[in-house]
Amino acid sequence: MAEDHKTIRMIVQRQDEPEALPYEEEFEIPYRKNMNVISALMEIRRNPVNAKGEQTTPVYWDMGCLEEVCGACSMVINGKAMQSCTALIDQLEQPVRLEPMKTFPVMRDLAVDRSRMFDSLKKVKAWVPIDGTYDLGEGPRMPESKRQWAYELSKCMTCGVCLEACPNVNSNSDFIGPAALSQVRLFNSHPTGAYHKAERMDALLDDGGLQNCGNSQNCVQACPKGIPLTTSIAALNREATLHSFKSFFGSDYQH
Ligand code: SF4
Ligand code: FES
C-alpha cells in the first residue's frame, strides 16, 4: 500500500535541561493511520534518529491519562496550545511543529513545570474542606440549576492552555490566571465550600488576583473543555464588589 511509505515530518523544539538554550530538531517518521502526536513521539522514542539520519536522544514530554483528562500532555502544536494525546496527525499541517508552552518553565524538551497553576489553586483555597476523621454521610444537596454550571467548571484539568493564551500571565506577572479564578467560583458555589468564600475572595482581591485580568477573552476561546471562564470572571467581579462592601461596613453574613 502507498500508505506504508508515507512519512510524517516533525520539527521539535528541544531543550536538554531547564537552563539550557533551546534548539530545533527535525524528524521524519513512518506514517500510520489514526496517529496522534503522542504516538508519533513514541515512534521517535523507539528509534531516536533525526531527519539527517543522526542518532539523537529521545524527545521528552509529559503525559498521564491519554484521554484529555489529566492535562499533563499540553504543548504548542503548530502554534496552538493543546493536548498532544488528542491532537490527530491527520488533522495537522506538516511539518508538525512541537514546542513547549512558554508560560511555564521548561523542564526538558516539551515537558514544562506547571507548579505556578497549582500554587495559585493553593493561594485561593480551591478545595472543599472536609474533616476526614469520621464519616460525614451524604454531602449537602445543590439546586439542579447550580449543579449544572458547577459541573461544567469542575471539568478543568489544569492543563494550562488558558494561561498560555492569556496576555497577562507571564514571568513578569503574578496573575493567578483564569483557571484558578474559575475554580474559586466553583468552590464558592458548593454548600460546604462556601464556608471559605470570604477567604477566597480576600485572595482574589490581593496582588495577582482579579484586577490583573485585562478581559482579553482569549482564555475562553482556548479552553479545550469549553469552560465559561469569562462568565466566571464577570461573576467574581460582581462578588468582589459585594465582598469589599461587606468588609468595609462589616457584616455577619458570610455566604
Ligand atoms: S480552564 Fe480550561 S484551559 Fe484552563 S486549565 Fe482548565 S481546562 Fe485547561
Ligand atoms: S495525557 Fe492526559 S490530557 Fe493528554
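**Two domains and what joins them**

The domain assignment splits the protein chain of this predicted model into domain 1 (7-112) and domain 2 (115-249).

Colleague: How many residues does each domain put into the contact?

Modeller: Domain 1 gives 13 residues and domain 2 gives eleven. The centres of the two domains, taken over C-alpha atoms, are 31 Å apart.

Colleague: What makes up the area buried between domain 1 and domain 2?

Modeller: About 1000 Å² is buried there, and carbon and sulfur atoms give 52% of that. On the side of domain 1, the residues that lose the most area to domain 2 are Glu 68, Thr 103 and Phe 104, together 47% of what that side buries.

Colleague: Why is the pair Glu 68 and Lys 225 called a salt bridge?

Modeller: The rule wants a side-chain nitrogen of Lys or Arg within 4 Å of a carboxyl oxygen of Asp or Glu. The side chains of Glu 68 and Lys 225 come to 3.7 Å, N to O, so the pair passes that cut-off and counts as a salt bridge. Across the interface of domain 1 and domain 2, the rule finds two salt bridges, and there are four residue pairs in polar contact.

Colleague: Which strands supply the side of domain 1 that touches domain 2?

Modeller: Strand S3 (74-77) and strand S4 (80-83) each supply at least two residues. S4 gives the most to that side, with three residues. By class, the side of domain 1 that touches domain 2 has seven nonpolar, four polar and two charged residues.

Colleague: What makes helix H1 (residues 37-46) mostly covered?

Modeller: Seven of the ten residues of H1 are buried, and the cut-off for buried is under 20% relative accessible area. The buried ones are Val 37, Ile 38, Ser 39, Ala 40, Leu 41, Glu 43 and Ile 44. They pack against strand S1 (7-14), strand S2 (23-30), S3 and strand S5 (96-99).

Colleague: Why is Leu 66 called partly exposed?

Modeller: Leu 66 has 45% relative accessibility. Partly exposed lies between the 20% and 50% cut-offs, so Leu 66 fits that class. Leu 66 is in the loop between H1 and S3, and has a positive phi of about 65 degrees although it is not a glycine.

Colleague: And what class does Lys 125 get?

Modeller: With a relative accessible area of 27%, Lys 125 is over the 20% cut-off and not over 50%, so it is partly exposed. Lys 125 also has a positive phi, about 50 degrees, and is found in the loop between helix H2 (115-123) and helix H3 (144-153).

Colleague: How do you know that the peptide bond from Gln 94 to Pro 95 is cis?

Modeller: Its omega is near 0 degrees. Pro 95 is in the loop between S4 and S5.

Methods: Residues numbered from 1 in each chain as written. Chains lettered and ligands numbered in written order. Predicted model: local features only at pLDDT ≥ 70, side-chain atom pairs only at ≥ 80, totals over all residues. Heavy atoms only, no water. Domains from an automatic or database assignment. Contact = heavy atoms within 4.5 Å. Buried area = accessible area lost by both parts, 1.4 Å probe. Polar contact = N/O pair within 3.5 Å; in protein donor to acceptor, adjacent residues only side chain to side chain. Helix = DSSP H or I, 4+ residues; strand = E, 2+ residues; numbered from the N terminus. Nonpolar A, V, L, I, M, F, W, Y, C, P; charged D, E, K, R; others polar. Buried < 20%, exposed > 50% of the residue type's maximum accessible area, 1.4 Å probe, protein only.
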